[in-house]
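Got the viewer open and a selection box ready? Let's walk through this one stop at a time.

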Amino acid sequence: MAAATGMVMLLAAALAILAPPARALDRGEFPSGFLFGAATSAYQVEGAYLEDGKGLNNWDVFTHTHYVDLMHNLGVNSYRFSISWARILPRGRLGGINSAGIAFYDRLIDALLQKGIEPFVTLHHFDLPYELETSYGSWLGAGIREEFDYYADVCFQAFGDRVKFWTTFNEPNLFTKFAYMLGVYSPKRCSPPFGNCNSGNSQQEPYVAAHNIIMSHAAAVDNYKKNYQAKQGGSIGIVISMKFYEPLTNTMEDILAAQQALAFEIHWFLDPIFFGEYPKEMREMLSSDLPEFTPAEKRLLQNKVDFIGVNHYTAIYTKDCISSPCDLNTYEGNALVFATGERDGVQIREPTALCGFYDVPEGMEQILRYVNQRYENAPVYVTENGYSQYNNNNMEDMINDVGRVNYLQGFSHVSLQLSGEEQRCVVTSYGVSWTTSSGVSVSP
């Protein structure tokens, strides 16, 4: 019951943005073909329906049908979801394709299209078959590249006739930091000063894992463009988590710290994809701990993505940690940067319920312009944006949800401003996360 109530409140907030009587924006103001979407991921919402040999049940079908109906009533015209690798290939490429898993996503994709909702599919959103973690150390072993290439090919063959938007990876920059530097995501590997785990090397492993992810992405893009794109008519890209970093002070140290933070956040993955090399800031700081691309890898990277997906939630200040000591056990620690939301005791903007995240709509404009200018005017999809709400308010305040409405209005205004045809920044979608997913999860 609580889950259903949460969904109603969250959908009400989103409707306040999309429904003309309740807000200042009108869908007609956006260019034709602009996508308004909602987003979830497989491991957050699907449930382990194959556990212990269990098959598809009535609630698996019911929940996804319920999702589709809610999104249709909400008025969104795209839905970004991830496919569970383990649902398609429970034991990887040598274990056989799970036909029930294929049927599961066939039903979902067909149901979306029947309601006029465009499927926007992510191949990897943090989860993979456990057998591959034990065989390759997750993303540390180069053999994982062939596994991902095979998995992507199975998905292109099975769903590509209906799926026109593919992303290879969701937030690989965030995932590698949390999994191999800070040790808070599976496979939980890290070392001091970044964290204390039973095993791992925070100075090297994040970059080894990232290298294998980048080359897995490149192989999937190469395969799609050579064998599927012309006949299926789709597009393929990658989604990167992006904060916008501003210097805490006007000192050269903090200005350089902001550049370092952007290099370790954005350039780390997108520079190789667009330019075939890691950013110079990372090379200078990490030296031999940062892998080199071989000539063959550089050739594979020449296949450019069709778009960049941007997951953006906040802007934040950066303080230099090279000339002054800092706690490095943080998300920005590997860039030798400390991030803070306060300058001279004043917060950058109103905080949200998630520590370190603030309501800074102008940060969206800054990050989109920055990405568009650096990466050859590539089309940009805002694949995630959302508001984390405090849950200690009274029920009336939670239902009215003014904070979320104001947040989404501010950020969607930016998307409108940048999506106009006269603008050089090509913004073609606005996707809201933390709505459909957070309202229907059920705790044990």
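Start with the whole chain on screen. Among contacts between residues at least 6 apart in sequence, 75% join residues at least 24 apart. Keep in mind that you are looking at a predicted model. The protein chain has 17 helices and 13 strands, and 56% of its 444 residues count as buried.

**Stop 1: the core**

Which residues touch the most other members of the largest nonpolar core? Select Trp 139, Phe 159, Trp 166 and Leu 270: those are the ones, out of 102 residues in that core. Now colour helix α11, residues 252–275, which supplies the largest share of this core with twelve residues. As background, nonpolar side chains in soluble globular proteins tend to be buried together.

Zoom in on Phe 159 and show what surrounds this side chain. Setting aside residues up to four places away in sequence, Phe 159 touches Ile 83, Ile 88, Ile 102, Tyr 105, Asp 106, Ile 109 and Trp 166. Trp 166 is also on that list of core residues with the most contacts to other members.

**Stop 2: α8 against α11**

Keep α11 coloured and add helix α8, residues 172–180. The two pack at an angle of about 115 degrees, and their axes are 9 Å apart. The crossing of α8 past α11 is right-handed. To see the contact itself, select Pro 172, Asn 173, Thr 176 and Lys 177 on α8, then Phe 264, Glu 265, Trp 268 and Phe 269 on α11. Colour them by class and you get four nonpolar, two polar and two charged residues.

**Stop 3: a three-stranded sheet**

Stay with α11 and bring up the sheet it packs on. This is an open sheet of three strands, ordered β6-β8-β9, with mixed pairing. At the edges are β6 (244–247) and β9 (337–340), each pairing on one side only. From one strand to the next the twist averages 45 degrees. Helix α11 touches β6, β8 and β9, and its direction makes about 120 degrees with that of β8.

Now take the pairings one by one. β6 and β8 run parallel and are joined by four bridges; select Phe 244 and its bridge partner in β8, Ala 315, to find one end of the pairing's residues on screen. On the other side, β8 (residues 315–320) and β9 pair in the antiparallel sense, over four bridges. Here, try Lys 319 with its bridge partner Phe 338 in β9, then Thr 318, which stands opposite Ala 339 in β9.

Is β8 mostly covered or mostly open? Turn on the surface: β8 is mostly covered, with five of its six residues buried.

**Stop 4: α7 against α9**

Hide the sheet and select helix α7 (residues 144–159) together with α9. Their axes come within 9 Å and cross at roughly 35 degrees, and α7 passes α9 in a right-handed crossing. On the α7 side, pick Ile 144, Arg 145, Phe 148, Asp 149, Ala 152, Asp 153 and Phe 156. They meet His 211, Asn 212, Met 215, Ser 216, Ala 219, Ala 220, Asn 223 and Tyr 224 in α9. By class, this contact has eight nonpolar, four polar and three charged residues.

**Stop 5: Thr 168**

Next, select Thr 168, in strand β4 (residues 165–170). Why does Thr 168 count as buried? Because its relative accessibility is 0%, and the cut-off for buried is under 20%. Show the neighbours, leaving out those within four places in sequence: Leu 123, His 124, Phe 148, His 217, Ala 220, Val 221, Ile 236, Gly 237 and Ile 238 are in contact with Thr 168. You have met Phe 148 and Ala 220 already, in the contact of α7 with α9.

**Stop 6: Gly 200**

Finish in the loop between α8 and α9 (205–227), where you will find Gly 200. How exposed is Gly 200? Partly exposed, because its relative accessible area is 28%, which falls between the 20% and 50% cut-offs. Beyond its neighbours within four places in sequence, Gly 200 is in contact with Arg 189, Cys 190, Ser 191 and Glu 205. For a last click, draw a distance between the C-alpha atoms of Gly 200 and Ala 179: they are 21 residues apart along the chain and separated by 9.8 Å.

Notes
Residues numbered from 1 in each chain as written. Predicted model: local features only at pLDDT ≥ 70, side-chain atom pairs only at ≥ 80, totals over all residues. Heavy atoms only, no water. Core = buried A, V, L, I, M, F, W, Y, C linked by side-chain atoms within 4.5 Å. Buried < 20%, exposed > 50% of the residue type's maximum accessible area, 1.4 Å probe, protein only. Contact = heavy atoms within 4.5 Å. Axes fitted to C-alpha atoms, helices over the stretch in contact; angles between N-to-C directions. Left-handed = near helix turned anticlockwise from the far one by under 90°. Nonpolar A, V, L, I, M, F, W, Y, C, P; charged D, E, K, R; others polar. Pairing = 2+ DSSP bridges.
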